[in-house]
Each structure stands twice: as C-alpha cells, then as structure tokens.
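Visitor: I would like to learn how to read a predicted model, one feature at a time. Where do we start?

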Amino acid sequence: MKTSRFAWLRSITAGRLLRPPGAIDERRFAALCTRCNRCIEVCPYKSIKPAGITSIAGAGTPVILAREIPCYLCMKCPPACPTGALEPITDKRRVKMGIAVVDEKTCYAFQGILCRTCVDECPLTEEAIHQDEMLMPRVTDRCVGCGICERVCPAKQPAITIRPREVVT
Amino acid sequence: MTHRKQHVWTRWRRVVQFTVALFYLALPVLHLFDVRTVAGTLASLRIGSFDLTEPASALAGALASRTFTTTLLIGIAPVVLLALVAGPVFCSWVCPWGLISEGLDKVRNRIAPRKWTGETWRVSRWPRYVLLAVLVALSAAAALPLVALLSAPRAITSLPLEIIYLRMISPLTAIVLLGVLIIELVAPRRIWCRVLCPVGTTAALLRTPKTLSVRWEESRCACPRTAPCHTHCPWGVDPRKKMTYDACTNCMGCVDVCPHDALALR
C-alpha cells in the first residue's frame, strides 16, 4: 500500500476530527465553516467545541470529543449552520459522523467478562450495534458515529472508539 | 464655537456600539440558562429562524469550498442590503472591535500624539482592496476560509461565549485577537480597521453612488485648511475631499463637529 509522505501531516490536519452531525466532506467543511459558533451554542450538551490550532486548517471548526461528551443526536445543530457546512438533516439515522470500532484486545466482552454497556447505551441499539451469539459487541454499518459507546465504555482506555467517517486521502 | 448639536450622532453611535457589545456578553449567559433561540457571533447570528450572516466570511468560504447554499444567500442578504443603503455602518456602529479600536487609538494618541499617516484616502484606497482580493484568492486556492479566520468581529464576539459558556479560549480566537491588538498598538493609527480587516473592506466595497453618505457643501464651509471634521474623524478621513469616502464608515462624527452645517447625510 502506497502512503503519501505527508500522510502524518494529513492525520493532524484532517480526518481525525469527529464532526457534528450533517457535516459535509472534510475538505469542504473546513473551507465553508465560518467559525460562527452557532452549532456550538445550540448544543444543549456542550458536546461541540472549537478545534485547536493543531488541526491547522480546521482551527476553530466544531469538533466532538466523544470520550468527554459524545453527541446525543438531538439534531439541533445541523439546522443551525448558516453556510451549509452542516447539512440540515433532522433524521438521526441519516447521520454519518463516523463508525465505532471495537478493540478486541481491551474490550471486556472479548476478555470473557460479561459487559454489554455499549450495546445497552447505543441510541440505535440492535440496529447499529448488537451482541453476536458469543455475546461479543458487533458494530454494523448502520452505526452513525455519535460516540455514546466510547463515552460509556467502562475500560480505562475506551475499547470502543469512533473512527471519523472521513479520513482524507 | 458652540456645538449646538452636542455630538448627537456620536452619542447614539456609542449607545448602539455598547448595546451590541453587551448583547454579545449577555448571549452566553442566556445559553447557560438554556435559552438558545438567539445564537451566534458577528460571523452569523440567528434570531429565532431569522439569519444574519456576515457576507465577507461566508462568501469567501463558499468560494473556497465551491458550495453555495440558499441558507447562506438568504442570510447575507439583509447585511448586504444594510451596507448598500447605509454604507459600512457595520464597522462604526456595530463591530465591538471597532469600539475597542477607537478606544485604543484615543489612549495611544493621548500618550503620544500621532498624525494620520499621509492623506488617508491615498494610502488606504487600493491596498485594502488588493489585500481583500489576495485573501479571497488565497482562500479559494488553499480551500481555507482566510477571511473568516482573520475576522476580528467574529473573534471578539466569540470570546465571551468561549470564556463564559465553554470555559475555555480557543487558540484561533486568542491568536487573532492578540495579533490585531498588537497591530493596533504599534502599527499606524487604526490600520486594522481602515486597511487590513477583510470584513470592513467588503462593507466599503458595497458602497454605491446612491448609498447614504456625508456630503460637503462648499459654500457653507468657512473653515481653514485644518477643520474639526478632519481632525475629529476616527478614521482619518477628510470629509471635504470627495475621494475620501472609501474609508468613511458613516460614523457621523464629522457632522457632529461641523460648526457651519456644511456636512450632512444624504
């Protein structure tokens, strides 16, 4: 697999940020967002924060740190965007923020400890995540990437994390 | 000489400026009490379902991302209309950074009186438009909303939100405000507002011959070469020179101080 010499740079500047629901593709998003903060202000959970300068082009853009405060899919922010950087979707099933990935090395269920916290807390439980016949959590492609599972995972380092939908290549 | 009008315009202007500043200080407090029907900064404000979007940042961003939405166009329409009718009043009547800039300029001038560098209109007319063009071109080329990033009105109205509501300061806001502050303190008088600010340049660009502006009636004027209208102008504009109106923001300070009623808004 051929990797760009500047892949590390891209990993800082784009693709590693979890965007609020409705966000258009990463490259256009950072360009279209005017950093007006309206999505940040309408979020009742304070899930959305302005990104720091390490995200260079994305400085000031809205990001969600799921382990701190995930997105509860209240769908108030997409219609708040004045430029269309967030598309005004209201159906939470159409959200595509990212997808949850289970780390089988640290996930309690995979270590033989009975745990189904992520499955229970998922707002789209049984659709986006379910337990297989061995009682292991399995994420489906219906996962919207809200990050609630990452927040509630009882492992010290979350064993289920959101991979932002878009990794710019 | 007596100022019969007692700086009526300037007084109203201060009322409006401080009201806007207090509004953006109060907004994050309202959010703390879960009132979110009004939200935003000077980059874009939502009142209920009504949008007011600052055109320079929004259009540069739309160009950079090649994405134009009707929400954006509807949002900038009232702001563009205001500039077309009333001139760049955004700078002199609305922008809280404009208020701070005027204050800093007064303080600086009290400590060490400075002259305006040259005749303002000469130095300020083209550089600001060239700079805006460069910023917009760079925004489009680099897919970066440089206009929005450099917007002082966005940064200054974002600051209370970040401190009061989010309990943090975003590095972007901090860097922009620090940079602009340093420029205000060491660079030529008010050069940020007069030349560098892309938001102000866009507002000035929207001035048409029909836009309200201060007109000078030569037959009424009895002032010598240096007139109070020129020395009092917070933008370094000489209202008696027809070419100056590019930098004028319709703050009406000159109309207030004119002893002969030779200046009027028309």
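Visitor: At which residue does H1(B) bend?

Guide: This is a predicted model. In it, H1(B) bends by about 25° at Ala26(B). A proline, Pro28(B), follows within four residues.

Visitor: How many residues does H1(B) have, and how far does H1(B) reach?

Guide: Compare the end-to-end reach with the expected rise of 1.5 Å a residue. H1(B) covers residues 8–32, which is 25 residues. From its first C-alpha to its last it reaches 37 Å, close to the 36 Å expected.

Visitor: Which residues of H1(B) are buried?

Guide: Start with the periodicity. An α-helix has 3.6 residues a turn, so residues three or four places apart point the same way. Now the case here. Arg13(B), Gln17(B), Tyr24(B), Leu27(B), Pro28(B) and His31(B) are the buried residues of H1(B). Pro28(B), named above for following the bend, is one of them.

Visitor: What covers the buried residues of H1(B)?

Guide: The cover includes a helix from the other chain, H3 of chain A. From chain B it includes E1, H4, helix H5 (96–111) and helix H8 (152–166).

Visitor: Which residue with a positive phi follows H1(B)?

Guide: Asp34(B). Its phi is near 65°.

Visitor: Where is the kink in H3(B)?

Guide: At Ala77(B), and the angle is about 30°. The proline Pro78(B) comes shortly after that point.

Visitor: What span should H3(B) have?

Guide: Apply the rise per residue again. At 1.5 Å a residue, the 17 residues of H3(B) should span 24 Å. The end C-alpha atoms are 24 Å apart, which agrees.

Visitor: Which residues of H3(B) are buried, and what do they pack against?

Guide: The buried ones are Leu72(B), Gly75(B), Ile76(B), Val79(B) and Ala83(B). Their partners are E2, E3, helix H2 (55–65), helix H4 (89–94) and helix H11 (198–205), in chain B. Just after H3(B), Gly87(B) has a positive phi of about 85°.

Visitor: Now the sheet. In what order do the strands of chain B form it?

Guide: Read the order, then the edges, then the pairing. The open sheet has 3 strands in the order E1-E2-E3, with antiparallel pairing. Its edge strands are E1 (38–41) and E3 (50–53) of chain B, each paired on one side only. Neighbouring strands are turned by 10° against each other on average, direction ignored.

Visitor: How does helix H3 of chain B pack on the sheet?

Guide: H3(B), residues 70–86, touches E2 and E3 of chain B. Its direction makes about 75° with that of E3(B).

Visitor: How many bridges join the strands?

Guide: 4 bridges join E1(B) to E2(B), residues 44–47. E2(B) and E3(B) also pair over 4 bridges, in the antiparallel sense. To check the register, find residues that stand opposite each other. Gly40(B) stands opposite Leu45(B) in E2(B). Leu45(B) in turn stands opposite Leu52(B) in E3(B).

Visitor: What lies between E2(B) and E3(B)?

Guide: 2 residues, in a hairpin. Gly48(B), in the turn, has a positive phi of about 65°.

Visitor: Which residues of E3(B) are on its covered face?

Guide: Asp51(B) and Thr53(B). Phe50(B) and Leu52(B) are on the uncovered face.

Visitor: Which residue other than glycine has a positive phi in chain A?

Guide: Asn37(A) is one, with phi near 75°. Locate the residue, then count neighbours. Asn37(A) lies in the loop between H2 and H3 of chain A. The cut-off for buried is 20 or more other C-beta atoms within 10 Å. Asn37(A) counts as buried because it has 28 C-beta neighbours inside 10 Å. In chain B, Asn250(B) has a positive phi near 55°. Asn250(B) is buried too, with 22 other C-beta atoms within 10 Å.

Visitor: Last, how many residues of chain A are in contact with chain B?

Guide: 26, and they meet 33 residues of chain B. H2 (26–32), H3 (38–42) and E1 (48–50) of chain A each supply at least two residues of that side. The largest share, 4 residues, comes from H2(A). By type, this side of chain A divides into 13 nonpolar, 6 polar and 7 charged residues.

Note on methods: Residues numbered from 1 in each chain as written. Chains lettered and ligands numbered in written order. Predicted model: local features only at pLDDT ≥ 70, side-chain atom pairs only at ≥ 80, totals over all residues. Contact = placed C-beta atoms within 7 Å. Nonpolar A, V, L, I, M, F, W, Y, C, P; charged D, E, K, R; others polar. Pairing = 2+ DSSP bridges. Axes fitted to C-alpha atoms, helices over the stretch in contact; angles between N-to-C directions. Buried ≥ 20, exposed ≤ 12 C-beta atoms within 10 Å, placed from the backbone. Expected span 1.5 Å × (residues − 1). Bend = angle between axes of the 7 residues up to and from the residue.
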